[in-house]
Amino acid sequence: MSDPVLTLTAVSKSFPGVRALHDVSLSLQSGRVTALIGENGAGKSTIVKILTGIYRPDSGEIHVGGAARHFSSPRDAWAAGIAAIHQETVMFDELTVAENIFMGHMPVAATGGVDWSRMRARAADLLERIDAPIPPGLPLKRLSVAQKHLVEIARALSHEAQVVIMDEPTAALSANEIDDLFRIVEQLKAEGHAVVFISHKFDEIFRIADDFVCLRDGEKVGEGPVASVTEAELVRMMVGRPVDQVFPKRDVPIGDVVLSVEGLSNATEYADISFDLRKGEILGLYGLVGAGRTEAMQGLFGITPTTRGRVTLEGRPLAVASPADAIAAGISYVPEDRQDQGAILSLGIRENVTLASLGQYVRGLFLSRPLEIDETRHLGRRLAVKASSWEQRLAELSGGNQQKVVIAKWLATRPKVIVLDEPTKGIDIGSKAAVHEFIGELAGEGLAVVLISSELPEVMGLADRLIVMKEGRIVEEFQRGRWSAEAIVGAATGARRDAA
Amino acid sequence: MNVPVQPGQQDRYTVLDTAPRRLRDFLLSWDVILVILFVLTIVVNSLVSPYFLDVYNLADATSNFSEKAIIALGMALLILVRDIDLSVAAIVALASMGIGYAAEAGWSPTMLFAVGLGIGLLCGVFNGALVTRFRLPSIVVTIGTMSLFRGLTQVILGDQALRSYPQGFLDLGQSYFIPMTETGIPWLFIPPVPLSFLVFLVLALIFGIVLHRTAVGRQLFAIGSNPVAARFSGVPVNRLRFLLFGLSGMLSGLAGALLTARLGSMRSNIAVGWELDIVTMVILGGVSIAGGVGSILGVFLAVLVLGLVTFGMALNNIPGQVISVYIGALLIAVISIPRIFERLRAWRAGR
């Protein structure tokens, strides 16, 4: 093989409480497509952010074309010839295609102003090079998602990028648009660019990639030519470890059906979601990002309208039009997005804990602070919230403690069913263990739990039963003890069954 | 750092029930700044003019700002939940016109107040429906309805004035609701109180209690701090916002009735420009324009400070334009003070 275009050597990156990347090395060859694979949270995005100058690694080196580089801003990465095309395009909707392509490095005329005609001509050239018939003068907002990707590719070429990173570029594309995109990837290869391709879809990886690098928990666990592995081997690499020992599973007697969902659907994101949930049961809900798990549960909770479906709680039909209805009926939903949807950071612990159950603390007409404090202290101690006082603002707490407060808020509503959406996402190891322990405890007390998680060890460790969703539908159901990590990931990614 | 938590070992550390209070935080709190400003205003004004501390003068002064202050209470809640109602002054005009015509038709004073409240409520409900049903930003909607309501008044009235009101109605605006009462003990008396100021005092008390002591009040703070999380927590966000717009309209209608009774006549330019005076009261009162922060006590104090500053300057024959310059400077100074102290502290810490 020739000299690599870009190498990462022993790169590590940590965030408070999370080791995002540990000692990862990889090299990219000119004219080859390298697939970066791994579960959600394995470290793929961290690598992309390091390569594009958004994060600085704690240790390790980046070499581009043989020379060591330090990126302190996205501009440095552009200058070094690295360009990324993101999952959700980050561009300027109100500006024209040409302006988007040359944003930050517009050609300058002798007068010192922007040389508009040269810019438009060069934009047209670049678009022609990738066979994209888009008028450079069109405002970006008039383009489809696929066309926007093409503009981003043109932007990458305008920087003479040697390395083009594509972060799930096909997520929002139709089959034909994907074909077009792949044709351009082939062309980039032929022109000697190195391409990094990130996708959850195995068929795409086998179709377009030459090499792969597999990550798990921030470490590189495998690499090589794609031709030398099978899907089954890749899945095993991604999942990797014996998961059943990670979290001690409690033995909880499982009772009667509490919640029964039949044919829950909405217009676009999920269809025909049906399941029963029993007292004391933990039901895992696994799937890739975008599989519709969150959307379906938010429909159940009354955040977004559903178009069809029947929900029965303890044998009685239930009509939920708003979260208030769901809370009154005994359903709680702990959202994934803690900062925006779960916690109110500028309010104190007490005000957060009591917000969803304010009626309980009213005496006469007024809120009783002693009652609020009693409940806050009770739940806060149970969840081992660490704070200086129960009035401390949530903004001053760690992510793990914020999450505990959010969970306390939902427990204060005395739910029968609690849906936890990625409850341990982005929190430190200590709090994570406490949350896991606590989920088991809740089930032990007879609560019915739905656990949405993209972390396989977490769902496999905690769940009694597991539902896998893919593209808005339930594709597979597993019973505890009769599942394997490979089979679960296979169902979620749509890898061939025989391979898995 | 975080230590893995062992079950059954939760009481290793204590969490206090109340936050420790620091004197400096208290002294720099908005309400305290306003109290200092209030005292300063009284002291300076009474030194400059011998007429300032006259009970009758003060009573008359209150009626000059009480109508605005009543509307400011509703505005405070709207700004607290990240909304605003710029159509309030136009609602005052529309309500006042309705009252004028009803008065010409011979309706009783009670009915005239009902007309004002009713028109205000309708206008407010219209604003609220546009904002919550169509998810339009309230600043845009109410700039639109400000033109709409004021324009309607101008089209219907032209340059005509309405000036025939029943005496009972005019008495409500022009005489003291509570007369000056001596108790016989020197220095102890019940001061004369105009109806509008009394209404403001009662409403301020009710608003303060509702906002700071009830579940609904807590929900308003939650909406202002994070509307998404509030909705996820079962707070009926849009229903409450809708109600606040209705309330704001109703308070504007009430203020319109009081103002009409005080003036004894109305034209289409009645209460022009009030919306910004009212927003000034609310901002000076410490309600954050970003939402989620504020107190009725702060708004109450700001109303008094602004009212007495204006009154004091008018007593000294300072023209209105100069008063306006002074109030603008005051507002900027007061909202900058906490920031300046913050910077100063950061600068000292960084040195």
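Before we start: helices and strands here are DSSP runs, numbered from the N terminus. Keep in mind that this is a predicted model.

**Exercise 1.** Find where A:Leu95 sits in chain A, and decide whether A:Leu95 is buried, partly exposed or exposed.

*Solution.* Start with the place: A:Leu95 lies in the loop between β6 (82-85) and α3 (97-101) of chain A. Next, the cut-offs: buried is under 20% relative accessible area, exposed is over 50%, and partly exposed is in between. A:Leu95 has 26% relative accessibility, so it counts as partly exposed. Now look at its partners. Beyond its neighbours within four places in sequence, A:Leu95 touches A:Asn100, A:Met103, A:Leu138, A:Pro139 and A:Leu140. Take A:Leu138: it is 43 residues away from A:Leu95 along the chain, yet their C-alpha atoms are separated by 8.2 Å.

**Exercise 2.** Work out whether the length of helix α6 (residues 175-190) of chain A agrees with the expected span.

*Solution.* The expected span is 1.5 Å times one less than the number of residues. For the 16 residues of α6 that gives 22 Å, and the end C-alpha atoms are 23 Å apart, so the two agree.

**Exercise 3.** Which residues of α6(A) are buried, and which are exposed on the other side?

*Solution.* First, list the buried ones: A:Ile178, A:Leu181, A:Phe182, A:Ile184, A:Val185, A:Leu188 and A:Lys189. Because they cover an arc of only 160° around the axis, they sit on the same side of α6(A). What do they pack against? Their partners are β3 (33-37), α5, β7 (163-167), β8 (194-198) and α7 (202-208) of chain A. Now flip to the other side of α6(A): there, A:Asn176 and A:Ala190 are exposed.

Notes. Residues numbered from 1 in each chain as written. Chains lettered and ligands numbered in written order. Predicted model: local features only at pLDDT ≥ 70, side-chain atom pairs only at ≥ 80, totals over all residues. Heavy atoms only, no water. Helix = DSSP H or I, 4+ residues; strand = E, 2+ residues; numbered from the N terminus. Buried < 20%, exposed > 50% of the residue type's maximum accessible area, 1.4 Å probe, protein only. Contact = heavy atoms within 4.5 Å. Arc of directions from axis to C-beta.
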